[in-house]
Amino acid sequence: SAYFATRSGFLIQSAINEYNLTQRKKNLPELLTGIGIHSGMVTAGVLGAAERLEFTLIGDTVNTSQRIESLAHKFSETAVMISDSTYRALDERRNEFTFKCIGKQTLKGKAAGLEVYRVLGMNGKP
């Protein structure tokens, strides 16, 4: 669901931030990554030969998630970004998070702009 995906993204970001505090204290390189979340239909299944099967997801939703993830690299820290469809799918649970709307973004392969939000926090969590 949109809620569990957004919550998981935030928890991953929090763990990376903790890791980076340790790295900074040791004067070592930090890990910077992006997490992109988009809600929609996907095709899921197993592909490959009997000797090498892989579970995969394909479809426009997967591609859009990857494009949103690439927007996160514009920040100098790990960032979680969600699409407007995920934001709307959160419904009444939306108030459990703090967001910053970064506006309509033009994504590769998309004719129309897509409203994107950055997840800044989970209310009640550090």
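**A tour around helix H1**

Start with the whole chain: of the 126 residues of the protein, 33% count as buried, meaning under 20% relative accessible area with a 1.4 Å probe and protein chains only. This is a predicted model, where local features need pLDDT of at least 70, side-chain atom pairs count only at pLDDT 80 or more, and totals for chains, interfaces and linings use all residues. Residues are numbered from 1 along each chain as its sequence is written, and side-chain values use heavy atoms, without hydrogens and water.

Now switch to cartoon view. You will find 3 helices and 6 strands, in the order α-β-β-β-α-β-α-β-β from the N terminus. These are DSSP runs (helices: H or I, at least four residues; strands: E, at least two), numbered from the N terminus. The C-alpha trace spans about 45 × 40 × 25 Å along its principal axes.

Next, select residues 2-25, helix H1. At 1.5 Å times one less than the number of residues, its 24 residues should span 34 Å, and the end C-alpha atoms, 35 Å apart, agree with that.

Show side chains on H1: which of its residues are buried? They are Ala2, Tyr3, Thr6, Gly9, Phe10, Gln13, Ile16, Asn20 and Gln23. An α-helix has 3.6 residues a turn, so residues three or four places apart point the same way.

Then add the partners. The buried residues of H1 pack against strands S1 (34-37), S4 (79-83), S5 (97-105) and S6 (114-122), and against helix H3 (84-89); contact here means heavy atoms within 4.5 Å.

Finish at asparagine 27, just after H1, with its positive phi of about 60°.

Methods: Buried < 20%, exposed > 50% of the residue type's maximum accessible area, 1.4 Å probe, protein only.
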